[in-house]
Amino acid sequence: MSLAERTVAPKLAMAMLRECLVLDPRGGELTVSGKCMEPVLREGAMIQVEAPARPVRTGDVVLVQTPAGLRLHRIVLHLGQTLRTKGDRSVFLDPAVDVRDVVGVWASAESRGGSLRRVGVSLGRYILERIRRLPSGGAERPFERP
């Protein structure tokens with residue numbers, strides 16, 4: 001049997017991956033290859049990828065289908081249906097992709113140092129929420145209008 005006979009066509013493999021992520025709420029486990037997402041995701045780390053449960057947004061680490069294959073990078077720009085991603089170590093943005101090209105979203109990772117869980121909210125939103133919950137204690141809150 002030749003390699004071509006043992007290899008699944010890319011379009012079929014992509015359809016199967018999407019279907020598996022939708023059908024299984026736990027998502028799928030993949031191994032990170034490359035160093036472009038270090039130090040957050042190290043080469044060889046096992047990551048959990050899930051089907052997007054909500055619209056993707058800036059800051060999400062997504063698995064995207066590109067003409068060159070699958071790419072796991074962070075969304076840095078989201079304009080309408082167009083996404084721009086890049087690796088955390090990269091200086092340059094990746095070519096633009098359509099939001100429909102997102103196959104999955106990074107959920108968690110395991111590496112030699114232990115496990116890492118993706119934060120569900122952005123750091124900025126977390127900080128603003130914490131500030132809103134602060135008791136005034138006689139002092140004005142720094143980000144509120146009088």
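Contact here means heavy atoms within 4.5 Å. The model shown in these views is predicted.

**View 1. Surroundings of Thr-85 in strand S5.** Thr-85 belongs to strand S5, which covers residues 82-86. Leaving aside residues up to four places away in sequence, Thr-85 touches Val-62, Arg-71, His-73, Arg-74, Ile-75, Val-76, Leu-93 and Asp-94. Because its relative accessibility is 0%, Thr-85 is classed as buried.

**View 2. Side-chain polar contacts of Thr-85.** The side chain of Thr-85 is in polar contact with that of Asp-94 at 2.7 Å. A polar contact of 3.4 Å links the side chains of Thr-85 and Arg-71. Both partners, Arg-71 and Asp-94, also appear among the residues that Thr-85 touches.

**View 3. The cis peptide bond between Glu-38 and Pro-39.** Glu-38 and Pro-39 are joined by a cis peptide bond, with omega at about 10°. Most peptide bonds are trans. Pro-39 sits in the loop that runs between strand S1 (28-31) and strand S2 (46-50).

**View 4. Confidence along the chain.** The average pLDDT of the chain is 76, and 66% of the residues reach a score of at least 70. Strand S6 (residues 97-98) has the highest confidence, with a mean of 95, whereas strand S8 (residues 114-117) has the lowest, with a mean of 49.

**View 5. The segment of residues 141-146.** Throughout residues 141-146, pLDDT remains under 50. For this segment the model has 5 contacts beyond four places in sequence. Predicted coordinates should not be read in detail where pLDDT is low.

Notes. Residues numbered from 1 in each chain as written. Predicted model: local features only at pLDDT ≥ 70, side-chain atom pairs only at ≥ 80, totals over all residues. Heavy atoms only, no water. pLDDT = per-residue confidence, 0-100. Helix = DSSP H or I, 4+ residues; strand = E, 2+ residues; numbered from the N terminus. Buried < 20%, exposed > 50% of the residue type's maximum accessible area, 1.4 Å probe, protein only. Polar contact = N/O pair within 3.5 Å; in protein donor to acceptor, adjacent residues only side chain to side chain.
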